[in-house]
Amino acid sequence: MGGQVNLQAALTGEKRQNLDIQKIRNDFPILSKSFNDKNLIYFDNAATTQKPKKVLDAIVDYYSNENCNVGRGVYTLSIKANMAFGRARETVQKFLNAEHTEEIIYTRGTTEAINLVASTLGRALVGQGDEVIISEMEHHSNLIPWQILCKEKDAVLKVIPVNDDGDIDFDAYKNMLNEKTKIVAVTHISNVLGTVNPLKEIISEAHQYGIPVIIDGAQGIAHEKVDVQALDCDFYCFSGHKMYGPMGIGVMYGKKKFLEKMPYYQTGGGIALGVTYQDITVERPLPFKLEAGTPNVEGAIGLEAAIQYLTEIGYDDIIAHENELLDYARKKLSDIEGMRIFGSAKKTSSIISFLIGDIHPYDVGNKANEFGIALRTGVHCAIPFVDKMKIVGTVRASFGIYNTKEEVDALYQALLQVKKAEWSVNRPKDRF
Ligand code: PMP
């Protein structure tokens, strides 16, 4: 059980956290706001994280002092904006320990990053009868792009089974790999169960067949220190907004050897240095070749500030704090009669998914909202996975650096009230 492993680490003092949580909370203006006359308890960090003042200030500062379209002007302001944009990319490169700056491609987020890989590398590599491997626990963002690609190419989408604990069946995965496999695409951390996948092992197995591996890092990036060279992943995709940065900015890290061969994703301004009415005569080099149009400079600057913020706090302390919270929550919530916590994978992170008896997850979420508690309820954009579990959805509490045990206690108290409540609420009909 992942929870037990984490608790063990906490008890033995291994990687003890050393954070001043109140100081961290003070960095986030929204955390002092009230909703429904209650102080906000924000447990929806897997959907998006709140933003520290450092990120907000960086964005205001950029627009107040440096705003200009990048790459196109010879005047001082334009050069300044260009330099800030380039510096932000270097910050991302160092953060991921990527070998080259041009391996960092900006996107709108994880979803666009995966679509980018699927529609360029995917289209180039996958042919009729070929195979693409994903896992059962994938978010729609790492399922549907591959589904569509396989349909278009008359290829086969293979899905690694996930056991009741929430771990992928590694033997089944190994047996799936063969010379027809062209791509493996798996999530770093499950947004439904919090399972942390054994990426190194997954990648090295695929590499024995020379297969590139794409990691959906949407949930990984804020909760694990990512070193793309140590992992040896070929692509790592993530969103700024899930790591305390702004919405609308994300990154597709890709090994240069793949990016160099990849066809255009979108075309238009910024991708060519020579054009006739008939053709592109001179391509613009990476990373710009894959970033058509005006980029999200504000987003890149905000993402850089988020990276600096997390780096200053330190990932060891962040992970230790979140693991301690997760263990605490698992134990505390288990006391509630009828509580069903889903998943107990070998390694878990920051997410607890549950149901109480047969109370609908939306009803739990509605009631918790009356106590100022923000929970995510439903199918978490992973409908096939939730359907496989034969449930309507789950209630998900997901933790970030600013959450506390006191907030978990408040959740526990709210859930006791949920059990006592009468239900006559309107539930959304759609499954989110
Ligand atoms: N993959 C996973 C595992 C996710 O949790 C999410 C967001 N919920 C995504 C992909 C998509 O991220 P975004 O909406 O930021 O593109």
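These legends accompany close-up views of a predicted model.

**View 1. Two domains make up the assignment of this chain.** Let us start with the overall layout. The domain assignment places residues 7–50 + 313–420 in domain 1 and residues 56–311 in domain 2. Their C-alpha centres are 28 Å apart. Where the domains touch, domain 1 brings 39 residues to the contact and domain 2 brings 36 residues.

**View 2. The surface between domain 1 and domain 2 buries about 3,100 Å².** The size of an interface is often given as the accessible area lost when the parts come together. Here, 55% of the buried area falls on carbon and sulfur atoms. On the domain 1 side, look for Tyr315, Lys347 and Phe385, which lose the most area to domain 2 and together account for 23% of what that side buries.

**View 3. Polar links join the two domains.** Between domain 1 and domain 2 there are 29 residue pairs in polar contact, counting pairs with both residues at pLDDT 80 or more. The side of domain 1 that touches domain 2 draws at least two residues from each of α12 (315–334), β14 (351–356) and α14 (383–388). Sorted by class, that side of domain 1 holds 21 nonpolar, 12 polar and six charged residues. Salt bridges between the two domains number two. You can also zoom in on the side chains of Lys347 and Glu224, which form a salt bridge with an N to O distance of 3.3 Å.

**View 4. Helix α13 is largely enclosed by the rest of the structure.** This helix spans residues 361–370, and seven of its 10 residues are buried, so the surrounding structure largely encloses it. The buried set consists of Pro361, Tyr362, Asp363, Val364, Gly365, Lys367 and Ala368. Follow these residues outward and you meet their packing partners: β14, β15 (373–374), β16 (376–378), β17 (394–398) and α15 (405–420). Just after the helix comes Gly372, with a positive phi of about 80 degrees.

**View 5. Ser349 is a buried loop residue.** Ser349 sits in the loop between β13 (339–342) and β14. Its relative accessible area is 5%, so Ser349 counts as buried under the 20% cut-off. The side chain of Ser349 makes a polar contact of 3.1 Å with the side chain of Ser350. Leaving aside residues up to four places away in sequence, Ser349 touches Ile189, Gly194, Val196, His223 and Leu326.

**View 6. Tyr244 and His380 have positive phi values although neither is a glycine.** Tyr244 belongs to the loop between β9 (235–239) and β10 (250–254), and its phi is about 75 degrees. With a relative accessibility of 0%, Tyr244 is buried. His380 lies in the loop between β16 and α14, and its phi is near 55 degrees. His380 is buried as well, at 5% relative accessibility.

**View 7. A cis peptide bond links Leu286 to Pro287.** Take a look at the backbone here: omega for this bond is near 0 degrees. Pro287 is placed in the loop between β12 (280–283) and α11 (297–313).

Key: Residues numbered from 1 in each chain as written. Predicted model: local features only at pLDDT ≥ 70, side-chain atom pairs only at ≥ 80, totals over all residues. Heavy atoms only, no water. Domains from an automatic or database assignment. Contact = heavy atoms within 4.5 Å. Buried area = accessible area lost by both parts, 1.4 Å probe. Salt bridge = Lys/Arg side-chain N within 4 Å of Asp/Glu carboxyl O. Polar contact = N/O pair within 3.5 Å; in protein donor to acceptor, adjacent residues only side chain to side chain. Helix = DSSP H or I, 4+ residues; strand = E, 2+ residues; numbered from the N terminus. Nonpolar A, V, L, I, M, F, W, Y, C, P; charged D, E, K, R; others polar. Buried < 20%, exposed > 50% of the residue type's maximum accessible area, 1.4 Å probe, protein only.
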